[in-house]
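Here is an informal walk through one protein chain. Have the sequence and the 3D view open while you read.

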Amino acid sequence: ALKTMGHQGGPKYNLAQQPWAHPAKINDVVASTYKTIKVQLPTTLRSLSLYLSNKDTEFILFKPVRSNIQQTFQKLHGVLQEDFSGEDLQIIACPSMDQNEYII
């Protein structure tokens, strides 16, 4: 939304300048999201396996979920790289794509 306003002739804003987007706050949200995925994903996969009992079907059904999670983190990385300094990125500590692939 901030970028759209800038493209439409409005004032240009940087995400890092927003009071709700301090690196520590973003770190809290990213860490909480990552932890939730890491904790709940195995349970979800076990439930899927219990009901389907077919690895191929499980893989096919879970593939869009996996892809969506990976794409979302990839978009987040892009936004963070664009709007935050290297020091801020270290504070945010967004998991790398390799880390995401490992838990998914």
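## A greasy patch and the helices around it

Leu50, Tyr51, Leu52 and Leu61 come together as a nonpolar patch on the surface, with a joint accessible area of about 460 Å². Keep in mind that this is a predicted model. H2 is the top contributor to the patch, giving 3 residues. Leu61, for its part, sits in helix H3, and it counts as partly exposed because its relative accessibility is 47%, in between the 20% and 50% cut-offs.

Now for the whole chain. The secondary structure amounts to 5 helices and 0 strands, so reading from the N terminus you get α-α-α-α-α. Of the 104 residues, 23% are buried. The chain exposes about 7500 Å², and carbon and sulfur atoms supply 57% of that. Among contacts with a separation of 6 or more, 59% are between residues 24 or more positions apart.

### Two helices with kinks

H2 and H3 can be put side by side:

| Helix | Residues | Expected span | End-to-end C-alpha distance |
|---|---|---|---|
| H2 | 30 residues (23-52) | 44 Å | 41 Å |
| H3 | 29 residues | 42 Å | 41 Å |

For H2, the span expected at 1.5 Å a residue agrees with the distance between the end C-alpha atoms, and the H3 values agree as well. Each helix still has a bend in it. In H2 there is a kink of about 35 degrees at Gln40, shortly before the proline Pro42. H3 has a kink of about 40 degrees at Phe62, shortly before the proline Pro64. Just past the end of H2, Ser53 adopts a positive phi of about 50 degrees.

### What is tucked away

Which residues of H2 are buried? They are Pro23, Ile26, Val30, Tyr34, Ile37 and Leu41. Their cover includes H3, helix H4 (86-92) and H5. In H3, the buried set is Glu58, Phe62, Ile69, Phe73, His77, Leu80 and Asp83, so Phe62 is both buried and the site of the H3 kink.

Asn100 belongs to helix H5 (residues 97-103). It counts as buried because its relative accessibility is 1%, under the 20% cut-off. Leaving out residues up to four places away in sequence, Asn100 touches Tyr34, Phe73 and Pro95. Two of these have come up already: Tyr34 is among the buried residues of H2, and Phe73 is among those of H3.

### Charged residues in H3

Side chains of opposite charge can pair when their charged atoms come close. The count here is 1 salt bridge, in which the side chains of Lys55 and Glu58 meet at 3.8 Å, N to O. Both residues are in helix H3, 3 residues apart, or about one turn of the helix.

Are the two partners buried or exposed? Lys55 is exposed because its relative accessible area of 63% is over the 50% cut-off. Glu58 is buried because its relative accessibility of 9% is under 20%.

Towards the other end of the helix, Glu82 also lies in H3 (residues 55-83). It is exposed, since its relative accessible area of 53% is over 50%. The C-alpha atom of Glu82 is 9.1 Å from that of Asn14, although the two residues are 68 residues apart along the chain.

Technical notes. Residues are numbered from 1 along each chain as its sequence is written. This is a predicted model: local features need pLDDT of at least 70, side-chain atom pairs count only at pLDDT 80 or more; totals for chains, interfaces and linings use all residues. Side-chain values use heavy atoms; hydrogens and water are left out. Helices (H or I, at least four residues) and strands (E, at least two) are DSSP runs, numbered from the N terminus. Buried means under 20% relative accessible area, exposed over 50%, partly exposed in between (1.4 Å probe, protein chains only). Contact means heavy atoms within 4.5 Å. The expected span of a helix is 1.5 Å times one less than its number of residues. The bend at a residue is the angle between axes fitted to the seven residues ending there and the seven starting there. Patches are made of residues with over 30% relative accessible area and no salt bridge: like charges are joined within 9 Å, nonpolar side chains (Val, Leu, Ile, Met, Phe, Trp, Tyr) within 5 Å. Accessible areas come from the Shrake-Rupley method with a 1.4 Å probe; for residues, only the protein chains shown count as cover. A salt bridge is a side-chain nitrogen of Lys or Arg within 4 Å of a carboxyl oxygen of Asp or Glu.
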